[in-house]
Structure formats: structure tokens, C-alpha cells
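Good morning, and thank you for coming. I would ask you to look at the sequence and the structure on the screen before I begin.

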Amino acid sequence: MASLLGSTVFEIIGQGKSPSKDFFQLVITKTEVIWRSWKISLRTEFRGAAPGEMKESYNDFLHDAGLQNQVGVVFGLHTLEHCKALCEGHYDYLQRLPDQLLLRILFYLSFRDVGRLAQTSKRFSKLSNSSELWEQTVRVRCDELTPAMEGLANAMGWRKIFFTFFHDQRRGSKAGLATDALPPATALAQASATKAPE
């Protein structure tokens, strides 16, 4: 699993809270925490000032209340807690998997589980609503997808096509995306024949 960790485990960049105009960067690598700051000011004594940089081991960061306070003020307590968890070795390997692999996993989940997973993070929300997932789901249910049907799906969206023509409302929340019964594609074929793609 350690191979899923790149050289940078976590990185965030942001501006300090008002009235500060300073910029900050927090980088967590496999071995250390790096805190960088850029002073932004109209005052002449700060012009041309070099960026500040502080590097600490995980253990030092976990015991450095001052740096933890700065991280909490600039990036919020949620980010601070996440950084502390990373320094304690608590990695979220699922978040580190490539999108294509996650889409394959999503394809085997039930609709209910896909919906729940979509609520956990922005990334999973985007993947759960991605045209790649819903196109694959429609293609599994349609034996012969004609160019006209594809045009309709591209115009309306693959997800909308699925829920309009293929989803059985009575069983959709119980059975997985790949194991639901394969309803006939007659309605989709008829709709694609009547509506030209945009």
C-alpha cells in the first residue's frame, strides 16, 4: 500500500485570514512537514523579502503547538486534524487510487451505495456523476447501441439516459449497477429515432 503514496502526501496553498495578505503553503511528504510563507505588504521593509520556510519531522510537527496553531488559523481546524492524522500514519488509501480504478469499483456498487459514496467528498461526487460511469452502465444494458442512440445520450447525458430508459425503480436501490436486470432498449431506440442529437 505504501506504493500508493507519492513523494507528496498532502499539499495545500492559501492566503492568510484578513487583514493579512500573506500566502502560505503546507506540504507533507513521506518524511517531513514543510511550511512556507510569502509576505505580501506595501511596506518598504518587506519588499524583496525572501519566502520563509520551515521543515519538521512528523514527530516534531505533532509536538509543535505554534506551527499547528498557524496551520489551524490559515487553513482551518479540519485541515489541521487531517495533517495530524497523516503524521500519525493514518492514510486514506481509497482517496489515493486513480480515477479509472475507482470508476471500475463504483460500477460494481449498488445505486444506494454509489449515492452514499457521492456524499463523502467532492471527488467521489464527481466520479459518481461522471459520464464515464453512466456511459459504461448504459452500454452494459443495451445490446446494440446505434450512433443515433449515442448521439441522444451525448446530448442528454448518459446518467439521464440511464434513469429515463434503463433503471427499474423497484429494484434499482437494491441491486448493483452491473447486476440489475437488463431491460429492453426499445424505448431508447425509439427516442433516438425521434430526437436528433444537438
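**Strands, a pocket and confidence**

Let me begin with a single pair of residues: glutamate 11 has valine 27, in strand E2, as its bridge partner. Please keep in mind throughout that this is a predicted model.

That pair belongs to a wider arrangement. Strand E1 and strand E2 run antiparallel and are joined by seven bridges. On to the next strand: E2 is also joined to strand E3, residues 32-38, by six bridges, and this pair too is antiparallel. Within the pairing with E3, isoleucine 28 stands opposite valine 33. The connection from E2 to E3 is a hairpin that passes through two residues.

Is strand E2 mostly covered or mostly uncovered? Strand E2, which spans residues 23-29, is mostly covered, with six of its seven residues buried.

I turn now to the loop between E1 and E2, where proline 19 is placed. The peptide bond that joins serine 18 to proline 19 is cis, with an omega of about 10°. As a general remark, most peptide bonds are trans.

The next topic is the largest pocket. It holds about 340 Å³ of space. Which elements supply at least two residues each to its lining? They are strand E1 (8-15), helix H3 (77-87) and helix H4 (93-96). Of these, H3 gives the most, with four residues. Among the lining residues are Val9, Phe10 and Glu11, together with His78, His82 and Arg96. Glutamate 11 thus appears in two parts of this talk: as the bridge partner of valine 27 and in the lining of the largest pocket. By character, the lining divides into three nonpolar, four polar and three charged residues.

Finally, a word on confidence. For the protein chain the mean pLDDT is 80, and 80% of the residues reach 70 or more. Among the elements, helix H1, residues 58-62, has the highest mean pLDDT, at 96, whereas helix H11, residues 186-194, has the lowest, at 54.

Where does pLDDT stay under 50? One such stretch is residues 169-176, for which the model has 17 contacts beyond four places in sequence. Residues 178-185 are also below 50, and that stretch has 16 contacts in the model beyond near neighbours in sequence. Where pLDDT is low, the predicted coordinates should not be read in detail.

Thank you for your attention.

Note on methods
Residues are numbered from 1 along each chain as its sequence is written. This is a predicted model: local features need pLDDT of at least 70, side-chain atom pairs count only at pLDDT 80 or more; totals for chains, interfaces and linings use all residues. Side-chain values use heavy atoms; hydrogens and water are left out. pLDDT is the predictor's confidence in each residue, from 0 to 100. Contact means heavy atoms within 4.5 Å. On a 1 Å grid over the protein atoms alone, a cavity is a set of points where a 1.4 Å probe fits but cannot get out, and a pocket is an open set with protein on both sides within 12 Å along at least five of seven lines; lining residues have an atom within 4 Å of a point. Grid points are joined across faces, edges and corners, and a volume is the space filled by probe spheres set on the points. Ala, Val, Leu, Ile, Met, Phe, Trp, Tyr, Cys and Pro count as nonpolar, Asp, Glu, Lys and Arg as charged, and the others, Gly among them, as polar. Buried means under 20% relative accessible area, exposed over 50%, partly exposed in between (1.4 Å probe, protein chains only). Two strands pair if DSSP finds at least two bridges between them.
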